[in-house]
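Let's take a walk through this one together. Have the viewer open and keep the sequence handy.

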Amino acid sequence: MVTRTPHARFFPRRLAVALTALTLAAISACSPASSSSTGSSAGTPTVHAPAAKTLTVAATAEPSTLDMTAGPAVAPAQVQLYNVYETLVKIDGDGALQPLLAQRWSVSTDRTVYTFYLNPASKFASGEPVTADAVAKNIERIRTSKTVGAKYSAAMAVVTGEKAVDSSTLEVTLSRPSNTWLYSMADTAGMIADPASFDKLGTESAGSGPYMLDKWTRGDSIALKRNPNYWANPGRFDSVVFKYFPDPNAMNAAMMAGTIDIISNEQAPDALSQFADTAKYTLLEGATNMEVTLGLNNSSPALKDLKVRQAIAMAIDKKKLITNTEAGHGTVIGSMVVPTDPYYEDLSGINAYDPAKAKQLLTEAGATNLTLRFKPAALPYATAAAQQVAADLKAVGINTTIQEQQFPAAWVDAVYIKADYDLTIVGHAEARDLVTYTNPEYYWRYNNPAFTAQYQAADSAAADAYAPEMKKAAKILADDAASVWLYMMPNLVVTKATVTGLSKNATTDSFDVTTIATR
Amino acid sequence: MSRLQLRLGLVLVALVAVMALVSVFWTPFDALYNTSFPRLRPPEWPNVLGTDRLGRDVFSRLLVGAQSCLVVGVISVGIATLLGVPAGIVTAQLPKAASEVVMRATDVAQAFPALLLAILLAGVFGGGTVTAMVAIGLAAVPQFIRIARAGALSVLASDYVLAARSCGSSRLTIARTHVLPNIAPLVGVQASVTFAMAILAEAALSYLGLGTQPPTPSWGSMLKDAQSVWYGSPLQAVWPGIAIALAVLGFNLLGDGLRDLLDPKLREVT
Amino acid sequence: MIATVARRLGVFALSLVGASLAIFIICQALPGDPARILLGDGASAEQIAAKAHELGTDRPAIVRYLTWVAGMLRGDFGTSYASGVAVSGLIGPTLPVTGALAGFSLLVSVVIALPFGMLAALRRRRWEGVAVSAVAQVGMAIPAFWAGILLSILFGVVWRVLPPNGYIPLTTDPIGWARSLALPVLALALVQAAVLVRYVRSAFIDVLSEDYYRTARAVGWSRWGALLRHGVRNASLSLVTVLGLQLASILVGAIVIEQVFVLPGLGSLLLTYVRQKDVMVIQGVVMLLVLAVLLINALVEVSYVLIDPRLRTAER
């Protein structure tokens, strides 16, 4: 079952991530929405200044549809998850689960039946209550609808049934225990929409969150307005505008000119020095779920050889790479795991930088004079990293021919679908995406039954064995040099000094504005 | 004046050619893979124009950038000439109706400017030097057809061609011995102007990320890179721009100078 | 005269058919199955087939071409694969942006080029004229996007007198709108003006040698007066041709300038959807740009006839 889970996350840039990051973190501190977990008492209206209050967030990738589950892109979720659409549970900035639409939940002793107790006050923007029946219809839609993107259906594939016990109690049955399922329920795949509007998700808002769609100006921005029917503490802003800048320098210029409040993720880290004045700007640096990965095609003739893959890993000076491409921000990682994952351990020592050893391994493998096809996604961070990687590989005698792939379409076609590549670079922004290595059809073309068995054992393990077992799985990948994990994309956020409440970490697909306030 | 233009044009074109040629054999440092310098260095010895964000020598990259510029120019002008000139000469000899059809087709083709065609082709075949050269070359073909046809028509109407024809020379022979040599200067002027256009188009495409592939430097992509570091290293947004402008200026001056030389009557006018 | 115009229109229509065919054929070569790319990884063959049917990509090429052309005649450019909305709905909001950018750039370039071009013609043997020509020669060589980058950095970020990028709709804030267009228009117009100055100069040099100019001078008109009174109308014939060409090159230049200044225009739309390989949008935008260029050419030819009565009967 798990094998089909494709968490593809080719999300464009760090944006995705970035956005995401900010989101949750600070929730615990001041989130109007999440605090409702304790219940009920909806809507203590906050006092608003008479002038309309607007928050303008700069982001990189504009969605092509508002339907968060239509395809693999995370851009729709950045805008809407938690802001427009809520989930039963929410992931906070430390990566922990918190109540949202569900006040609490319980798990059966065999860990296959989850019972959720919904907040009786919760209702959609339309005024309809969020009932157990409505939630059941949402889960059913994600796992059975043909129009839902494959990665979301796959995340729900472990569910065998969902049943409304009464109007606010929901029972979900899994085919086997799964530690990752509940995390999926807290992310995009767990979105709860008004079932009456399932066929209009691409163009309208049908959520229960504090904001709803106001106006979408294609090619420019998406404006959200306050949901007047919100069931908990209402949003602090009359209007939240996500403004799209395909170019990071333009985004920086807009911040300098004061036309935006937040740079959701700084794509040109070299420019951060212009925001050094703390009286005017606040800089946040945190974690994301994005592993910037040098993908190796494990099925290509040269890279089938473990020694060659190890040599490639050892040829790359990741510290220098981070210095040159991210101005020193970012964290070196050694497997498909980021520091905010519950099963993180530092594996960067495995196959670490050692060009002499790399050359020796290449000689042993008989792979001198190797030329590899290098197809990075044409995204700013990937293009820069690809040139640094090519330089490092050249130093140990591996030649590369770089051919940038326009993102998403050309990259998806050449690399992701056809696996017509030797090396590629793209950021994998999805949370807990270790699972991609269990799918031999995934573009890594990595097929190791031992890893898959270990991964499944970890997913089904008792809660306290989850992390230790998953660590073993992560280490298998690192030893195998299945890919080269270059670094964790830093979550670099710049805000006006008047903006507060952002989380420094991005732990889901969402850019959560519900925690943000301005002075 | 025109002599001065011609000379200045020749000097600038020669400068670009020398940069490109020298960089084939020697650059101060490896322009593609040597990332050993401190990054974003200001101009100081040994990096006379500083270093870029990966710690590569900007002067070396500027030299190698001349190669991209010249290669794209030569190949695209070559494509345009090789397709356009024969087509133009043949069209000149076609019956009036057929000739009209060809000219209307060139009208339509001229509605696809180089950059638009290149973006379209880059969408289909992916960006890269080859796509850029083909697109720029194809976009310039109609102008060469027009020029070659106009030139050929006036040559074909001349007395010596009529004489040659009455002596039984074949069309091919006439085209080779009379038409081509006579329209060559016109084509040369057009080639020079097209070259300048090609340099601008290649720079724009590389700036958009649809041109020369990394790590090979191109002046357009260097400008793109410079934009992300201008705050600390503003000069990096200056050098490649100057290089493009000088190269384009050189080919434009060369074209103007050539034209004036060929047609003294026009000297006053242009 | 009517016959000439009608004939021109016929040629124009045929050109459109040729251009649409060329665009369609090129777009057919786009690699990758749109349905598959849209659905993401792990989609089943059944899902892909259903999506292809929904998009209409499973029909024969000739049917798709005819459907596309028939739709365009009704103003319907089809439906975007990626976003599922009407292509005309995507294009619509970009037209005022690109239209304003191109229109004002042309206007500003003419306003700059006319006086300087005339100056360069009148004083062509003095230092002023030579200087104007030299500056124009250099200006022509400057890539507009480089000018844009430098203007954005200097005016937008260093001196902070104008917004460095971004677009404000006219209806939201007219002053903000004008300010947001100022730098992009300047970047495009300066470079275009340099090209135009040369044409204006040569057109007026022609005028200077004409009898009517000499006559006007002889009866006491000043040099500028004679040029303005008699020269402009006579020079306008050749200038109209140049302006037509200019407008075409401004439209293309706008694609790049929109990137530098992040303007939500036609060029930005095109590049965004090239990245997504959304054939319907690419086809539609390119067709529209080509249509604009062909239309301008046709108008230029028709305007010859209007400006110059001698051409009304003559064959071209």
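What follows goes from a sheet in chain A, through a chain contact, to a helix in chain B. Keep in mind that this is a predicted model.

Start with the sheet in chain A. Four strands make it up, and it's an open sheet with the order 4-5-7-6 and antiparallel pairing. Strand 4 (102-107) and strand 6 (159-166) of chain A sit at the edges, each pairing on one side only. From one strand to the next, the twist averages 20 degrees.

Now zoom in on strand 7 of chain A. On one side, strand 5 (residues 113-118) of chain A pairs with strand 7 (residues 169-174) of chain A in the antiparallel sense, over 5 bridges. Along that pairing, Tyr114(A) stands opposite Val172(A), and Thr115(A) stands opposite Glu171(A). Strand 6 of chain A is also joined to strand 7 of chain A, antiparallel again, by 6 bridges. Those two strands form a hairpin with 2 residues between them. Here Val172(A) turns up once more, as the bridge partner of Glu162(A).

What lies across this part of the sheet? Helix 4 (residues 132-144) of chain A lies across strands 5, 6 and 7 of chain A, and it runs at about 170 degrees to strand 6 of chain A. Look at the faces of strand 7 of chain A: Leu170(A), Val172(A) and Leu174(A) are on the covered one, while Thr169(A), Glu171(A) and Thr173(A) are on the uncovered one. That every-other-residue pattern fits the general rule, because side chains in a regular strand alternate between the two faces of the sheet.

Next, the contact between chains A and C. It takes 34 residues from chain A and 36 residues from chain C. On the chain A side, helix 5 (150-155), helix 7 (248-257) and helix 12 (409-417) of chain A each give two or more residues. Helix 12 of chain A gives the most, with 6 residues. By class, this side of chain A has 18 nonpolar, 9 polar and 7 charged residues.

Over in chain B, an unreviewed UniProt entry lists residues 66-255 as "domain: ABC transmembrane type-1". That stretch of chain B is 82% helix and 0% strand, with its end C-alpha atoms 19 Å apart.

Helix 3 (residues 96-110) of chain B is a nice one to check: at 1.5 Å a residue, its 15 residues should span 21 Å, and its end C-alpha atoms are indeed 21 Å apart. Thr106(B), Asp107(B), Val108(B), Ala109(B) and Gln110(B) are buried in this helix. The buried residues of helix 3 of chain B pack against helix 5 (129-156) of chain B, together with helix 1 (2-28) and helix 13 (279-307) of chain C.

Notes: Residues are numbered from 1 along each chain as its sequence is written. Chains are lettered from A and ligands numbered from 1 in the order in which they are written. This is a predicted model: local features need pLDDT of at least 70, side-chain atom pairs count only at pLDDT 80 or more; totals for chains, interfaces and linings use all residues. UniProt positions are given in the numbering used here, feature names are shortened, and annotations may be inferred rather than shown by experiment. The expected span of a helix is 1.5 Å times one less than its number of residues. A residue is buried if 20 or more other C-beta atoms lie within 10 Å of its own, exposed if 12 or fewer, and partly exposed in between; C-beta atoms are placed from the backbone. Two residues are in contact if their C-beta atoms, placed from the backbone, lie within 7 Å. Ala, Val, Leu, Ile, Met, Phe, Trp, Tyr, Cys and Pro count as nonpolar, Asp, Glu, Lys and Arg as charged, and the others, Gly among them, as polar. Two strands pair if DSSP finds at least two bridges between them. Axes are lines fitted to C-alpha atoms, for helices over the stretch in contact, and angles run from 0 to 180 degrees between N-to-C directions.
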